[in-house]
Amino acid sequence: MDNVLGRRDCRDAEVFKAFLMKDSTKSNRNLYEHLTQLLIKVIDEHTENAVDVVEEMSRDVKRALFSGIKGPLREVPQVSSAELLTEQQRTLFSQPEEVVAQEDEMGETALPNVSEIAFYLEQAEVGLGREEMQRIFLALKHLVDSEGLPRCRLWGKILGIESNYIVAEAEYREGEEEQESIEDQPAEEEKEPENPENEQVEADPLPQSIYKPQLDAPKEAIGTGANKFAYYVCKEPGLPWIKLPSVSPAQINTARQIRKFFTGNLESPVVSYPPFPGNESNYLRAQIARISAGTQVSPQGFYQGGEEEDDEEDEIPRDSFEVNPDFEDIPVSEMAESLSTWVHHVQHILQQGRCTWVNIAVKPDEESNEDEEGDENEEESEEVEPEVGPALLTPLSQDAEMFNTSPWSSKVSTILTFQHAIAVLRSNLWPGAFAYACGKKFENIYIGWGLKYVGEVYSPPIPPPPLMEYQNGPEITEGLDPTPEEEQALKEDLEEQQAALEEAEASEDDEDED
């Protein structure tokens, strides 16, 4: 640039250079510095055909001046949902030192080896993947540490429309069963004071309804039957665990009649017919109870009857079991071929919606005073036949076939390395329920939509027939109109009665005059 200006007179060159170095009114830059940087850019980059792209290079030089300047308004960084979930899951990989010291002192852990379970599930072509299983294992560990659970395991994963549910099955803590049983007891209804003014006998009372609502069976106690275990759910590992409420027989029976996909929101209502008594959290708990009762299986002989088996009352169904220390391994080939080598270790849910039958026609107060009641009440109570279901530890070979479909399918994980193969069991009535067995190790898991197989076509239940408004009887039945002959005969009878009455009155008057 100086050489170009040097061709002119020195005086003119100084004037021209001063003119080029004059700052712009819009910025603090001048043309001399801009042209200098533009020539340096051309020389450094060895740009070919620079005259054709000099305009673009000039714009890039100007743009580079403002690239490092930050304005007063900054853009808010967009944080994706994956980044938020990553921040929440970071706590899974951190552990206080106090917990580590406690684990060193503990001998038996409350959690099974989820990594080993994931390995066997992978051999059975089932599972959630190693990374997700590891995160779930850490989430279960935080659940056990925070809630102080004696034992916990991964029950499975129920899919939803908006989000999914990871389900954990846990045993109740000591004292928690009694506390929740007290909370589940219904509050006594306050009786309205009697108002003597309203106790007026109507001359023509209205017909009284004879409809009697169906009595619901009481909820099973915490730690027994369908409420034997507590269930916690979360949408993703790292998110808070939410404890599901206990289930009632009415919720189980209604869940048997409807088919609804889960939304992923525990507070969302369940719009269905018949109406479901509760929200999605209750519906989820009812489906978990149904799936557990139908698909939780174990190798035959692994469990044996508990102490209740030796009781004198044989009518009470056995609901407890314990691990058999003398259990011998069953060959994998035999478990894959015969369903008799598998048994149910969860109680069957009766049509009443409970695992143990109860006579709902008899109130608890009446049961306590059975000795004081008469023979008539005893005969009525004996007429009700108790419902009996399959006993605990019943072989799978006794399961009934539905919709021309076998309830179970079994196979061997591989035939190439048979010495390392495992027996795999799949439920056809509850798609998504799987079980595997290998030696003395077995596990159950469910990964599905939480719906039962009901055949090719599902037909929702129809509404019940309408009830009669009142009973037909002679007091409300309309009579037939009399014929003209009957009217004439009735008229003559009335005239005769009137004439006889007048004669009697006339004779009485004559006697009084005498």
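How much accessible surface does the protein chain have, and what share of it belongs to carbon and sulfur atoms? The surface comes to about 36,300 Å², and 50% of that belongs to carbon and sulfur atoms. Hello everyone, and thanks for coming. Please keep in mind throughout that this is a predicted model.

Let me start with the overall picture. The protein chain has 514 residues, and 31% of them are buried. Its secondary structure consists of 15 helices and 12 strands. If we take the contacts with a separation of 6 or more, 63% of them are between residues 24 or more positions apart.

Now, on to the outside. There is a nonpolar patch on the surface, formed by Ile161, Phe261 and Trp449. Together these three residues have about 340 Å² of accessible area. To find Ile161, go to the loop between strand 1, residues 152–158, and strand 2, residues 165–170. Is Ile161 buried or exposed? With a relative accessible area of 60%, Ile161 is above the 50% cut-off, so Ile161 counts as exposed.

Strands 1 and 2 come up again in the second largest pocket, since each of them supplies at least two residues of its lining. The same goes for helix 7 (114–123), strand 7 (321–323) and strand 12 (441–448). Of these, strand 12 deserves a mention, as it gives the most to that lining, with 4 residues. The volume of this second largest pocket is about 1,200 Å³. Its lining has 37 residues, and the closest to the centre are Arg151, Arg153, Glu171, Tyr303 and Glu443.

Let's move to the enclosed spaces. Rolling a probe the size of a water molecule over the atoms shows where empty space is left. Searching the whole structure turns up 4 cavities of 30 Å³ or more. The largest cavity has a volume of about 180 Å³, and 17 residues line it. Nearest its centre you'll see Gly225, Lys228, Phe229, Val346 and Gln347. Which helix gives the most to this lining? That is helix 11, residues 280–295, with 3 residues.

While we're on helix 11, have a look at Ser292, which lies in it. Ser292 has a relative accessible area of 5%, so it is buried. What does Ser292 touch, once we leave aside its neighbours within four places in sequence? Ser292 is in contact with Trp155, Tyr231 and Val346. You'll remember Val346 as one of the residues nearest the centre of the largest cavity.

Finally, some backbone geometry for those of you who enjoy it. Most residues other than glycine have a negative phi, and most peptide bonds are trans. Here are a few places that go the other way. Tyr273 and Pro274 are joined by a cis peptide bond, with omega at about -5 degrees. Pro274 sits in the loop between helix 10 (249–255) and helix 11.

Then there are Phe403 and Asn404. Phe403 is not a glycine, yet its phi is positive, about 55 degrees. The phi of Asn404 is also positive, near 55 degrees. Where are they? Phe403 is in the loop between helix 14 (375–383) and strand 9 (408–412), and Asn404 is found between helix 14 and strand 9 too. As for their surroundings, Phe403 is partly exposed, with a relative accessible area of 42%, whereas Asn404, at 76% relative accessibility, counts as exposed.

That's my tour. I'm happy to take questions!

Note on methods
Residues numbered from 1 in each chain as written. Predicted model: local features only at pLDDT ≥ 70, side-chain atom pairs only at ≥ 80, totals over all residues. Heavy atoms only, no water. Buried < 20%, exposed > 50% of the residue type's maximum accessible area, 1.4 Å probe, protein only. Contact = heavy atoms within 4.5 Å. Areas by Shrake-Rupley, 256 points an atom, 1.4 Å probe, with all protein chains shown as cover. Patch = residues over 30% accessible without salt bridge, like charges linked within 9 Å, V, L, I, M, F, W, Y side chains within 5 Å. Salt bridge = Lys/Arg side-chain N within 4 Å of Asp/Glu carboxyl O. 1 Å grid on protein atoms, 1.4 Å probe; cavity = no way out; pocket = protein on both sides within 12 Å on 5 of 7 lines; lining within 4 Å. Points joined across faces, edges and corners; volume = space filled by probe spheres on them.
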